[in-house]
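Me: I'd like to go through this one label by label and hear what backs each of them up. Can you take my questions in turn?

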Amino acid sequence: AEICQKLIIAGRKHHKQASAIGTRNNPSNISGADTNGPVGITTVGQLLRITPPALLRALDPLLINDECKELIRRICATCRPKSKTAKELLSCQQSSSALSPNSTIPSDVSLLDKCLRGGFRIGTVTEIVGRSGVGKTQLAMQLCVVAARLNFGSIFVDTEKKLSMERLNEIANQRHRMNMNYKSANNVLNNVTIHRLSSTSELLLAISKLDEEIILRNEQSEEEVSVASHGELDKYPVKLLIVDSIAAPTRRDFGGGDAPKRVAA
């Protein structure tokens, strides 16, 4: 507990120093990115990106160099995904073949949901591909509406600049009029967080902060559940993350038709 407290204090001091000397515009000096300077550590990800000497400076005099190395080793051993054999993975897939209603988000396109065995599986990554104009963004907006019906929140990372709030509101209103099980448009829009990004660097920065945003939103939802005894919740836990799309900022930053340039980047 004392080590964690010292890491947080070091982070606060670092951010104050950065603001005072005007280093907030220098990405190499932000929250542990600079492994040679002051270290501000508040997440496991930041801790794993720094060197033992930098960690030693942050924790001095609590740990010596060898103890800092051992601390990083133990955290890596605890947080890394556990390896599984092919047989174990096959058994897991077979045991989850009969999906429960809360394990998927249906698209409400009957043929597509039949192919997907109920819809888009929660906890997995699904890539939607197709030519421009076939309705990929339309499907993404529809998933946000369906997710709200299931009391799930959504995060929509819009790099294509094609997300229309008017169209999302229209879809939500239409579904609510057709079926009262769907949430109101106001409720749907209140549970969809939009990130409009232009460049690859903005996209990478936003993705790096998504875990914290999701945790905070889910904690807020849990607090509402514990307080509210009846009625409709205002905030739902996040179960759907849409990135539309990863390719768009790459095309803008590195060019759409220059393959050698993209490879070099």
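What follows is a run of questions about labels and the values behind them.

Reply: Sure, with two bits of housekeeping up front. This is a predicted model, in which local features need pLDDT of at least 70, side-chain atom pairs count only at pLDDT 80 or more, and totals for chains, interfaces and linings use all residues. Residues are numbered from 1 along each chain as its sequence is written, and side-chain values use heavy atoms, with hydrogens and water left out.

Me: How many helices and strands does the chain have, and what makes a run count as one?

Reply: The chain has 12 helices and 5 strands. They are DSSP runs numbered from the N terminus: H or I over at least four residues for a helix, E over at least two for a strand.

Me: What share of the residues counts as buried?

Reply: Of the 265 residues, 31% do. The cut-offs on relative accessible area are under 20% for buried, over 50% for exposed and partly exposed in between, with a 1.4 Å probe and protein chains only.

Me: How do you know which sequence separations the contacts span?

Reply: Take contacts between residues at least 6 apart in sequence: 60% of them join residues at least 24 apart. Contact here means heavy atoms within 4.5 Å.

Me: What makes Asp108 and Arg149 a salt bridge?

Reply: The rule wants a side-chain nitrogen of Lys or Arg within 4 Å of a carboxyl oxygen of Asp or Glu. The closest N and O atoms of Asp108 and Arg149 are 3.8 Å apart, so the pair is a salt bridge. Asp108 lies in the loop between strand 1 (104-105) and helix 6 (110-115) and Arg149 in helix 7 (residues 136-149), so the pair ties together parts that are 41 residues apart in sequence. By this rule the chain's count comes to 7 salt bridges.

Me: Which other salt bridge does Asp108 make, and what does that pair tie together?

Reply: Asp108 also meets Arg175 in a salt bridge, at 3.0 Å from N to O. Arg175 lies in helix 8 (residues 165-178) and Asp108 in the loop between strand 1 and helix 6, so this pair ties together parts that are 67 residues apart in sequence.

Me: Why do Asp108, Arg149 and Arg175 get the burial labels they do?

Reply: Arg175 has 16% relative accessibility, so it falls under the limit and counts as buried. Asp108 is at 30%, so it counts as partly exposed. Arg149 is at 24%, so it is partly exposed as well.

Me: What makes you say that Arg149 sits over a ring?

Reply: Arg149 lies over the face of Tyr182, at 5.0 Å from the ring centre. The rule asks for NZ of Lys or CZ of Arg within 6 Å of the ring centre and within 35 degrees of the ring normal.

Me: Where do Glu170 and Arg167 lie, and what makes them a salt bridge?

Reply: Both lie in helix 8, 3 residues apart, about one turn of the helix. Their side chains meet at 3.2 Å, N to O, so they pass the salt-bridge cut-off. Glu170, at 45% relative accessibility, counts as partly exposed, and so does Arg167 at 25%.

Me: Which residues are linked in a network of salt bridges?

Reply: Glu70, Arg73 and Arg74 are.

Me: Why are Asn151 and Lys161 picked out for their phi values?

Reply: Most residues other than glycine have a negative phi, and most peptide bonds are trans. Phi of Asn151 is near 65°, a positive value in a residue other than glycine. Lys161 has a positive phi of about 65° and is not a glycine either. Asn151 is found in the loop between helix 7 and strand 3 (153-158), while Lys161 is in the loop between strand 3 and helix 8. Asn151 is partly exposed at 35%, and Lys161 is partly exposed at 43%.

Me: Which residues does the cis peptide bond join, and what is its omega?

Reply: The cis bond joins Asp244 and Ser245, with omega about 0°. Ser245 is found in the loop between strand 5 and helix 11 (247-254).
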